[in-house]
Amino acid sequence: MANAPRAGVRLSAEQLEARTQPAGLWSDYPVVPTIDGAMAARLREVAARGAEQGNRQDVFAKFGDSITGYASDSFFALGQTGYSPAANGLTNYPDLLDEFATYRSPVAGGNSFSRLSTGAFPGWASSNVVATTPGELAAVRPAISLIMVGTNDAVHLDHELLRANLRQIVRMNLDRGVIPVLSTIPPNTTGTGGLQAWVNTANTVVVEVADEFSVPVWNYWRAIVGLPGQGMEDG
C-alpha cells in the first residue's frame, strides 16, 4: 500500500501500478504487492469500516512466529528512540520517511515496530495465531495487519489446515475493518527435503488465500532467496 497517512489522516488505499497477476508459480509474485483498481476499491471499503470502528490509522499489527517480529531485531530496532534513519540508510528512500514516522506513534508496549505482539511468538503455527488474533486486534486497533505464518505448520504437513487457519485469520481482520497483508514464508535452509517441499506448499496456500480474498501478499521469500545463505544467518 502506497503513501501511508500521517497520524490523524484518513487511511486510504491508492493504486500503485497495474497489477498483472503472474501466470506462473507463487515464486513469480512480486516482492512488493501491487494493487489494481479493483483491489484498491475493496481496501478503501475495508479501511472506511475500520475507521468507523475506531481503528487507528497510524498503527499496524504483527501476527505469526518469531520471524514476524515478536522480538525481531529488524522490527524492534526501527521502533527504538535512538534509531537514526540517516545512519541506517533510510534517508535513501525518502518516500518511506512519512510511513516510518507515522508508525512510530505510541501504542501499548511501544509502537507498531517495537511492540511485542500477543499475536506472534517463536515456534507458533497458524492455529496459535487464530487463537490470539482477536485479542491483539482489540489491544492495538490497527488499520493494517502484517501476517507471516506457516513455517512451523510443517510439524503437521497439512496444507488444508494451514489454508483453513489463514482464511480464518484474514476473515477476522476484514470483519474488524483491518487490511490484512499476507506474506510468503522464507526458505528452510536447515530442514530436510520434506521441509523444503513444505515451503513450496505453504507459499502456494498463502498466495491462493490472498487471491481468494483480494488482499495484498508480500513475497518475502523472493526478497531473500537470492541473498547469501538465502538471507539466513548461521545458528
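Analyst: One definition before we start: buried means under 20% relative accessible area, exposed means over 50%, and partly exposed is what lies in between. Please keep in mind that this is a predicted model.

User: Thanks! Is E208 buried, exposed or partly exposed?
Analyst: The relative accessible area of E208 is 37%. Buried would need a value under 20% and exposed one over 50%. Since 37% falls between these cut-offs, E208 is partly exposed.

User: Which residue does E208 form a salt bridge with, and where does that partner lie?
Analyst: The closest N and O atoms of the pair are 2.9 Å apart, and the partner of E208 is R163. This bridge links distant parts of the chain, 45 residues apart, with E208 in helix 6 and R163 in helix 5 (residues 159–175). R163 has a relative accessible area of 18%, so this partner counts as buried. To answer you in one line, E208 pairs with R163, which lies in helix 5.

User: Which elements does the salt bridge between R167 and E212 tie together?
Analyst: Happily, this one is easy to follow: the closest N and O atoms of R167 and E212 are 2.6 Å apart. R167 lies in helix 5 and E212 in helix 6, so parts 45 residues apart in sequence are tied together. The elements are therefore helix 5 and helix 6.

User: Which residues are joined into one network by salt bridges that share partners?
Analyst: As background, R167 is partly exposed at 27% relative accessibility, and E212 is partly exposed too, at 42%. The network is made by bridges with shared partners, and its members are E160, R163 and E208.

User: How many residues does helix 6 give to the largest nonpolar core?
Analyst: That core has 55 residues, and F113, I144, L166, L182, V209 and V217 touch the most other members. Helix 6, residues 193–213, gives the most to the core, and its share is nine residues.

User: Which residues does V209 touch, leaving out those up to four places away in sequence?
Analyst: V209 is among the core members that touch the most others. Beyond its sequence neighbours, the list of residues touched is R163, L166, R167, V170 and L182.

User: What geometry does the aromatic pair F60 and Y103 have?
Analyst: The count of aromatic pairs comes to seven. For F60 and Y103, the ring centres are 5.3 Å apart and the planes stand at 70°. Planes over 60 degrees apart count as edge-to-face, so the pair is edge-to-face.

User: How far apart in sequence are the parts that this F60 and Y103 pair ties together?
Analyst: F60 lies in strand 1 (residues 56–64), while Y103 is in the loop between helix 3 (97–102) and strand 2 (106–107). Both F60 and Y103 are buried. The pair ties together parts whose separation is 43 residues.

User: Is the aromatic pair of Y83 and F100 stacked, edge-to-face or tilted?
Analyst: The centres of the Y83 and F100 rings are 5.6 Å apart, with 50° between the planes. Stacked needs an angle under 30 degrees and edge-to-face one over 60, with the rest counted as tilted. The pair of Y83 and F100 is thus tilted.

User: Is F100 buried or exposed?
Analyst: F100 has a relative accessible area of 10%. The cut-off for buried is under 20%, so F100 is buried.

User: Which residues form a cluster through ring pairs?
Analyst: Both pairs discussed above feed into this cluster, since F60, Y103, Y83 and F100 are among its members. With F113 included, the cluster is F60, Y83, F100, Y103 and F113.

Terms used: Residues numbered from 1 in each chain as written. Predicted model: local features only at pLDDT ≥ 70, side-chain atom pairs only at ≥ 80, totals over all residues. Heavy atoms only, no water. Core = buried A, V, L, I, M, F, W, Y, C linked by side-chain atoms within 4.5 Å. Buried < 20%, exposed > 50% of the residue type's maximum accessible area, 1.4 Å probe, protein only. Helix = DSSP H or I, 4+ residues; strand = E, 2+ residues; numbered from the N terminus. Contact = heavy atoms within 4.5 Å. Phe/Tyr/Trp six-rings, centres within 6.5 Å; stacked < 30°, edge-to-face > 60°. Salt bridge = Lys/Arg side-chain N within 4 Å of Asp/Glu carboxyl O.
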